[in-house]
Each structure stands twice: as C-alpha cells, then as structure tokens.
Amino acid sequence: MTAQAGSASSLPLARPDLRRELRQRRLLLSPSQRANAHRQFARLLLHSQWTSQLLKLGQRIAVYLAYGSEADLAHVVALARRRRCELYL
C-alpha cells in the first residue's frame with residue numbers, strides 16, 4: 001500500500017517535528033531580525049488584497065501575546081486598532 005498525496009505519512013516531517021524545527025530556526029534570529037520580520041508581516045498584511053475584508057470596522061479578531069520566539073503581533077494589533085476591529089486576547 002502506498003501513501004496517498006496529502007496524507008500524514010507522505011509529509012516530510014510530522015507536525016510536531018516541523019513545529020520544533022521552525023521554533024529552532026526562529027531562535028537563531030537576532031532580536032533585530034525578529035523585529036524586522038514582525039514589521040514586514042504587518043506591512044504585507046496592510047498591503048494585502050484581503051486586508052479590506054479581514055481588517056474592517058467591527059471585525060472580530062483573536063490575537064495572542066507572543067512567548068519566547070513567537071511572532072510579535074504588536075504591529076498587526078496596531079493596524080487592526082486603527083481600522084477599529086474588535087480584538088480578543
């Protein structure tokens with residue numbers, strides 16, 4: 001029996017392994033590289049074709065407080081607040 005495309009057995013890394021690898025890569029970034037990435041993400045979101053649908057007045061958006069090397073959403077939160085979205089932590 002062969003693995004079907006898209007099945008878990010055909011993926012190069014299992015989800016926990018992929019998460020671990022990405023966490024390790026994030027830890028290798030310098031603080032300035034991380035800060036730059038956070039700003040770039042917010043900038044990409046600002047100029048995305050979906051932003052007007054995603055970040056509109058009254059839109060409910062869940063956010064999180066970054067822990068460790070997780071992406072800091074401060075710039076995204078600021079953008080959402082300017083667009084008067086409802087934010088949930």
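Me: Where is the place of Phe41, in terms of secondary structure?
Reply: Happy to help: Phe41 sits in helix α2. Helices here are DSSP runs of H or I with at least four residues, strands are runs of E with at least two, and both are numbered from the N terminus. Bear in mind that this is a predicted model, where local features need pLDDT of at least 70, side-chain atom pairs count only at pLDDT 80 or more, and totals for chains, interfaces and linings use all residues. Residues are numbered from 1 along each chain as its sequence is written, and side-chain values use heavy atoms, with hydrogens and water left out.

Me: Why does Phe41 count as partly exposed?
Reply: Buried means under 20% relative accessible area, exposed means over 50%, and partly exposed is in between (1.4 Å probe, protein chains only). Phe41 has 46% relative accessibility, so it counts as partly exposed.

Me: And why does His38 count as buried?
Reply: His38 is also found in helix α2. Its relative accessibility is 15%, which is under the 20% limit, so His38 counts as buried.

Me: What is His38 in contact with, leaving aside its neighbours within four places in sequence?
Reply: Contact means heavy atoms within 4.5 Å. By that rule, His38 touches Glu70, Ala71, Asp72 and His75. The side chain of His38 also reaches the backbone nitrogen of Asp72 at 3.3 Å. That fits the polar contact limit (a pair of N or O atoms within 3.5 Å; within protein, one must be able to donate a hydrogen and the other to accept it, and residues adjacent in sequence count only if both atoms are side-chain atoms).

Me: Which residues of helix α4 are buried, and why do they line one face?
Reply: In α4 (residues 74–82), the buried ones are Val76, Leu79 and Ala80. Seen down the axis of α4, they fall within an arc of 100°, taken from the directions from the helix axis to the C-beta atoms, so they line one face of the helix. In general, an α-helix has 3.6 residues a turn, so residues three or four places apart point the same way.

Me: What covers that buried face, and which residues are exposed on the other side?
Reply: The cover includes α2 (31–46), β1 (60–62) and β2 (86–88). On the other side of α4, Arg81 and Arg82 are exposed.

Me: How many helices and strands does the chain have, and in what pattern?
Reply: There are four helices and two strands, and along the sequence they follow α-α-α-β-α-β.
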